[in-house]
Amino acid sequence: MDRESQKSAQQYRPATRVVSVDANPADPYNPASTPIYQTATFKQSSAVSTGEYDYTRSGNPTRTQTERHLAKLMDAQRALCVTSGMTALDVIMRVLSAGDEVIAGVDLYGGTNRLLKFLEKSKINTVHVDTCLVENVTSAITSQTKMILLETPTNPLIGVCDIKAIAEIAHARNEEIIVVVDNTMMTPILQRPLELGADIVYHSGTKYLSGHHDLMAGVIGVKKEALGDQLYFVINSTGVGLAPFESWLLMRGVKTLAVRLEKQQASAMKIANYLESTGLKVNYPGLKSHPSYELHNKQACGGGAVLSFETGSTMVSQQIVEGCKLFTISVSFGCVNSLISMPCRMSHASIPPEVRKERNLAEDVIRLCVGIEDVRDLIEDLDQSLRAANVI
Ligand SMILES: *Cc1c(COP(=O)(O)O)cnc(C)c1O
């Protein structure tokens, strides 16, 4: 056996880890792919003791294997799979109590904004600050602050938050403050917030992790066992654990995550360069012109495959979006196909116009989510649409 193969799974690089799966060590047939244990209940050997599994709301082997695999990728002590990215955030929020305060960004996912607003009914209030400036977060911390929620890069403006600095400052002020990072856009391949000091990381599994827009899922990772137990209690109490079929599909998708993302990221870089060469204002952390290029590339290993650009006119933006033939007009991202959208009209439309204005969410922003097509076709598609809209 050579030295390479003696390495423990954890020592391998992320692209190797995504395909190193323990299908199910307990299965007598030694499957190479985790079977779908499509069962709600499990028979018990006696009336007084239960085996590892008794009821799928509490646990199911397909979900467990997917969770163990994802825990390794996130460098988490424990991973938990739930029914959607928003469910992941809802489960996380339930560790808070009435009167607790949350600090969150201004440029965040529309659904996140809606859920935080909804929680005000339960007396959990959120203070929104531009989390891309560490001092804004520091000065917003009060004795009521129990959670800091970060998204980096932000979406659609692609701002960058310093995860390590914010986690250090927050924990120095009060070690009970839970620092949470929505890592959907970067995935564990490009950024691992738990290594940078965050307490909880979560992902919408609907996006890159699954990669084909054929399932909804949410994935939570934690460093501390006690926090994992608290979150599991919520999942078991409410029944939001990921179903066996979705767990299987998620695991299947994750195996190609690294290769998809590598291709998508390389194409995104070419597209960002092309758009910048036309004189448009491009927001992409892989570009040296990005104001936080250094910070982003210190905490992540690549710019990812989501970028945005501005035209200065909502009408022109609409024309460009509608003029593309290959980029599909769609919300979401992380799929193998390339997508184009106007976030203020689509994914972020649930944020009221006056709030969007206050938060500098420019209405003309166009977001591109780069897929795995031949990048020459993608650039040609953008080029013909920009010409038709008289932008170039
Ligand atoms: C899509 C998304 C979510 C929500 O995930 P769902 O699976 O759609 O519930 C949360 N955060 C970000 C950054 C997202 O893009």
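Two residues are in contact here when they have heavy atoms within 4.5 Å of each other. With that in hand, welcome to a short tour of this predicted model. The tour starts with Glu310, which touches Leu280, Lys281, Asn283, Asp364 and Val365, not counting residues up to four places away in sequence. From there it moves to an open sheet of seven strands, a packed pair of helices, H4 and H5, and finally Arg387 in helix H15.

**Around Glu310**

- Glu310 sits in strand E9, which covers residues 306-310.
- One of the residues that Glu310 touches is Asn283, and the side chains of these two are joined by a polar contact of 3.1 Å.

**The seven-stranded sheet**

- Reading across the open sheet, the strand order is E1-E7-E6-E5-E4-E2-E3, and the pairing is mixed.
- Strands E1 (78-82) and E3 (125-128) form the edges; each has a single partner strand, so one side of each lacks a neighbour in the sheet.
- From one strand to the next, the twist averages 20°.
- Inside the sheet, strand E2 (residues 101-104) and strand E4 (residues 145-151) run parallel and are joined by four bridges.
- Across this pair, Val102 stands opposite Met147 in E4.
- Helix H3 (residues 61-74) packs on the sheet, where it touches E1, strand E6 (200-204) and strand E7 (218-222).
- The direction of H3 makes about 130° with that of E1.

**Helices H4 and H5**

- Two packed helices are described by the angle between their axes and the distance between the axes.
- For helix H4 (residues 85-93) and helix H5 (residues 110-118), the angle is about 30° and the axes are 10 Å apart.
- The crossing of H4 past H5 is right-handed.
- H4 brings Met86, Leu89, Asp90 and Met93 to the contact, while H5 brings Gly111, Thr112, Leu115 and Leu116.
- Sorted by class, the contact of H4 with H5 has five nonpolar residues, two polar ones and one charged one.

**Arg387**

- Arg387 belongs to helix H15, which spans residues 375-388.
- With a relative accessible area of 48%, Arg387 counts as partly exposed, because that class lies between the buried cut-off of 20% and the exposed cut-off of 50%.
- If you would like a long-range distance to check in the viewer, Arg387 and Cys161 are 35 Å apart in space, C-alpha to C-alpha, and 226 residues apart in sequence.

Notes. Residues numbered from 1 in each chain as written. Predicted model: local features only at pLDDT ≥ 70, side-chain atom pairs only at ≥ 80, totals over all residues. Heavy atoms only, no water. Pairing = 2+ DSSP bridges. Helix = DSSP H or I, 4+ residues; strand = E, 2+ residues; numbered from the N terminus. Axes fitted to C-alpha atoms, helices over the stretch in contact; angles between N-to-C directions. Polar contact = N/O pair within 3.5 Å; in protein donor to acceptor, adjacent residues only side chain to side chain. Left-handed = near helix turned anticlockwise from the far one by under 90°. Nonpolar A, V, L, I, M, F, W, Y, C, P; charged D, E, K, R; others polar. Buried < 20%, exposed > 50% of the residue type's maximum accessible area, 1.4 Å probe, protein only.
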